[in-house]
Structures are given as structure tokens and as C-alpha cells.
Amino acid sequence: MKLRIATWATVGAIVVVLWRIYISATLSNPLGTGGLGRALVYLTCPIAMAHQHPQGFYFVLLVNAATYGLAGMVVETMRWRYKAA
């Protein structure tokens, strides 16, 4: 179960790296003025909702990995609990 939670956290870190690459590749207004692009960022990287405060790349990477790890822990605990029942 620890490996699965670590996998969730790794996926969270990869999501941040992919968004960073995408935003760096499309410098002029990469996500538009709102809509689907911004909603997708908020769903996959929840720390982006705190955009009023400047955040470094590594901070966002760690927070997103921790968020995905926590979500993975909840999901894997529920899978384990309902599989045993």
C-alpha cells in the first residue's frame, strides 16, 4: 500500500512538471482568460487556486505531491477496507 501512495505522490509531482513545461512553451496567455484550461489546472493542481501569493516551483511541486499522496492514501484505504469486507 505504501508503494501505491508513493505512486500517487509521484503522479502529483509529474503533473506539476508537465504544467510547467506547457506554460513555458506557450508564453503568451497559455491558459486563456478562463474557462476549460484554467479549470483543468485547478482540478489537477489545487495549489494554483492560491495565485494571489507568489509561489516557487519547488513549493508547488511538494504541495501537489503531498495533495496527491493524501488523496491516494484515502483512496487506497477505502479500496483496502471494502476489499476486505
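Where do Trp19 and Tyr22 lie, and how many residues apart are they? In this predicted model, both sit in helix 1, three residues apart, or about one turn of the helix. Their rings form an edge-to-face aromatic pair, with 5.9 Å from centre to centre and 75 degrees between the planes. The two partners differ in how much of them shows: Trp19 counts as buried because its relative accessibility is 17%, below the 20% cut-off, whereas Tyr22, at 37%, counts as partly exposed.

The count of aromatic pairs comes to two, and the other one joins Phe57 and Tyr58. Here the ring centres are 5.3 Å apart and the planes stand at 70 degrees, so this pair is edge-to-face as well. Phe57 has 25% relative accessibility and counts as partly exposed. Tyr58, at 62%, is exposed.

Turning to the interior, the largest nonpolar core is made up of seven residues: Ala13, Val16, Cys45, Ile47, Val60, Leu61 and Ala65. Helix 1 and helix 3 each supply at least two of them, with helix 3 giving the most, three residues. A second, separate core has six residues, among them Val15, Leu31, Val41 and Tyr68. As a rule, nonpolar side chains in soluble globular proteins tend to be buried together.

Not everything tucked away here is nonpolar. Asn64, a residue of helix 3, has a relative accessible area of 1% and is therefore buried. Leaving aside neighbours within four places in sequence, Asn64 is in contact with Gly12, Val15, Val16, Thr44, Cys45 and Pro46. Val16 and Cys45 belong to the largest nonpolar core, while Val15 is part of the second one, so Asn64, buried at 1%, touches members of both. Cys45, on the same sequence-distance basis, is in contact with Val16, Val60 and Asn64.

Cys45 and Val60 also turn up at the largest pocket, where they are listed with Ile23, Val41 and Ala48 as the residues nearest its centre. About 450 Å³ of space lies in this pocket, and 19 residues line it. Helix 1 (2-25), helix 2 (36-44) and helix 3 (57-84) are the elements that give two or more residues to the lining. Helix 1 gives the most, with four. By character, the lining divides into 13 nonpolar, four polar and two charged residues.

Technical notes
Residues numbered from 1 in each chain as written. Predicted model: local features only at pLDDT ≥ 70, side-chain atom pairs only at ≥ 80, totals over all residues. Heavy atoms only, no water. 1 Å grid on protein atoms, 1.4 Å probe; cavity = no way out; pocket = protein on both sides within 12 Å on 5 of 7 lines; lining within 4 Å. Points joined across faces, edges and corners; volume = space filled by probe spheres on them. Nonpolar A, V, L, I, M, F, W, Y, C, P; charged D, E, K, R; others polar. Buried < 20%, exposed > 50% of the residue type's maximum accessible area, 1.4 Å probe, protein only. Contact = heavy atoms within 4.5 Å. Core = buried A, V, L, I, M, F, W, Y, C linked by side-chain atoms within 4.5 Å. Phe/Tyr/Trp six-rings, centres within 6.5 Å; stacked < 30°, edge-to-face > 60°.
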